[in-house]
Amino acid sequence: MAVAAADVRWMRLALSLGARGLGRTAENPAVGCVIVKDGRVLGRGRTADGGRPHAEVVALAQAGEAARGATAYVTLEPCNHTGQPGPCSEALTRAGVARVVAAIAAPAPRTSGAGMARLEAAGVAVTLGCCEAAARRAHAGFFSRLSRGRPSLTLKLASSLDGRIATASGESQWITGPQARRLVHAMCARHDAVLVGAGTARADDPGLTVRDLGPLPQPARVVLSRRLDIPLDGQLAQSARDVPVILLHGPNPPEETRMAWEKAGAQLQEVPIGAGRQLDPEAALRALGAMGLNRVFCEGGRHLAAALLSHDLVDELAVFQAGLMIGAEGLPSLGAMGLAHLSEASRFELSDCRSIGPDSLSLWSRRELG
């Protein structure tokens with residue numbers, strides 16, 4: 001069935017509103033909602049920081065009594081759960097909304113379609129599937145956590161044109177320019193957590209906070225460290241009480257070290273050991289999913305990046321390249337992956353490519369088979 005042009009227009013507005021909540025609403029999805037009547041927007045909203053109230057409640061509060069007889073455009077099927085403060089499907093019915101247009105059904109099998117069915121039973125006209133592909137991309141992290149038990153993962157790589165991240169002497173700051181680095185901060189802000197390996201945490205002592213973008217909720221900082229051998233006098237430990245730090249470690253780390261990190265304010269979670277006596281990356285992501293994280297942004301290092309790619313855990317690649325060559329003696333952007341055949345490599349499809357100051361950014365999405 002053809003979708004009306006007006007429905008597409010208002011749903012795109014709802015999607016843009018929802019996008020403002022990315023990185024702020026976990027464990028809930030970042031939903032957008034617009035209330036429209038006679039071509040006028042009466043109310044608009046997104047899921048609030050922390051996940052409550054939901055987008056529909058925010059938009060209905062703004063519309064007030066004018067919502068009666070209006071159409072609500074929502075980027076995800078309104079929830080139908082029981083409990084406080086009550087389901088959004090009920091709130092829409094109570095407000096007297098005449099029609100609800102939802103972009104995509106709820107992902108969980110037991111709840112998919114339930115919100116729309118409740119609305120329809122109450123006499124509300126319903127339409128499902130407007131801008132579905134865009135909504136599926138917008139809610140990919142939430143869908144991934146519910147269906148795969150892990151958040152969606154974006155892997156960032158920044159290198160020279162020949163794929164190097166440092167010279168033979170180890171010099172690496174800065175390969176890309178300030179515009180690219182600022183964009184990386186903006187990308188981090190749209191994720192629930194920023195992930196690095198222990199080697200990066202030791203070598204660079206990163207703060208992993210979003211900077212120079214004004215007051216924003218900070219993503220959690222996550223480090224994979226089998227032995228918890230990360231300096232306790234570094235930026236992460238010193239700021240763990242201000243911005244969450246999650247340490248994913250192996251069995252039996254030194255008790256003294258574990259207690260010191262807990263005292264510093266970090267959250268510790270044991271992860272099983274996988275191949276090569278390293279932490280199992282899939283188990284690590286599942287642990288983050290169990291914490292309610294929908295979207296994770298990996299900043300490195302090269303061995304962690306290689307492990308994530310080898311286990312087919314990367315959903316999106318963000319590849320920044322600077323216009324210089326370093327040569328074979330430079331440090332490659334990826335560690336060893338042990339591939340003998342091209343057929344073993346994960347394939348990605350180019351979704352965007354653009355200039356970022358003097359550098360370039362290419363975005364690659366997981367190639368879906370079938």
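## Salt bridges across the fold

A search of the whole structure, which is a predicted model, turns up 17 salt bridges. Let's start with Arg99 and Asp7, whose closest N and O atoms are 2.8 Å apart. This pair links distant parts of the chain: Arg99 belongs to strand β4 (residues 99-102), Asp7 belongs to helix α1 (residues 5-19), and 92 residues separate them. The two partners don't share a burial class. Asp7 is buried, at a relative accessible area of 8%, while Arg99 comes out at 22% and is partly exposed. Arg99 misses the buried class because the cut-off for that is under 20%.

Asp229 and Arg227 make another salt bridge, with 3.3 Å between the closest N and O atoms. Here Asp229 is partly exposed at 27% relative accessible area, and Arg227 is partly exposed too, at 44%.

## Asp312, Arg366 and their network

Next up is the pair Asp312 and Arg366, whose side chains meet in a salt bridge at 3.1 Å, N to O. Asp312 sits in the loop between α12 (302-310) and β13 (316-322), and Arg366 sits in strand β16 (residues 359-366), so this salt bridge ties together parts 54 residues apart in sequence. Arg366 is buried, with 16% relative accessible area; Asp312, at 39%, counts as partly exposed.

What else are Asp312 and Arg366 linked with? They belong to a network of salt bridges that also takes in Arg148, Arg150 and Asp315.

## Helix α6 and its surroundings

Now for helix α6, which spans residues 140-148. Its buried residues are Gly141, Phe142, Phe143, Ser144 and Arg145. Which elements do they pack against? The partners are two helices, α5 (132-138) and α11 (281-290), along with the strands β6 (152-160) and β12 (295-300). Just after α6 comes Gly149, with a positive phi of about 75 degrees.

## Aromatic rings

The structure holds one aromatic pair. It is made by Phe142 and Phe143: the ring centres are 6.4 Å apart and the planes meet at 70 degrees, so the arrangement is edge-to-face. Both residues are on the buried list for α6, with relative accessibility of 13% for Phe142 and 12% for Phe143.

Two tryptophans have an arginine over the ring face. Arg9 lies over Trp10, 4.1 Å from the ring centre, and Arg181 lies over Trp174, where the distance to the ring centre is 4.3 Å.

## A buried serine in a loop

Last stop: Ser333, in the loop between β14 (331-332) and β15 (348-356). Is this loop residue buried or exposed? Ser333 counts as buried, because its relative accessibility is 16% and the cut-off for buried is under 20%.

And what does Ser333 touch? Setting aside neighbours within four places in sequence, Ser333 is in contact with Leu157, Ser159, Gly163, Ile165 and Arg302. Among these, Leu157 and Ser159 fall within β6 (152-160), the strand that the buried residues of α6 also pack against. Arg302 takes us back to α12 (302-310), the helix before the loop that holds Asp312.

Terms used:
Residues are numbered from 1 along each chain as its sequence is written. This is a predicted model: local features need pLDDT of at least 70, side-chain atom pairs count only at pLDDT 80 or more; totals for chains, interfaces and linings use all residues. Side-chain values use heavy atoms; hydrogens and water are left out. Helices (H or I, at least four residues) and strands (E, at least two) are DSSP runs, numbered from the N terminus. Buried means under 20% relative accessible area, exposed over 50%, partly exposed in between (1.4 Å probe, protein chains only). Contact means heavy atoms within 4.5 Å. A salt bridge is a side-chain nitrogen of Lys or Arg within 4 Å of a carboxyl oxygen of Asp or Glu. Rings of Phe, Tyr and Trp (its six-membered ring) pair if their centres lie within 6.5 Å; planes under 30 degrees apart count as stacked, over 60 as edge-to-face and the rest as tilted. A charge sits over a ring if NZ of Lys or CZ of Arg is within 6 Å of the ring centre and within 35 degrees of the ring normal.
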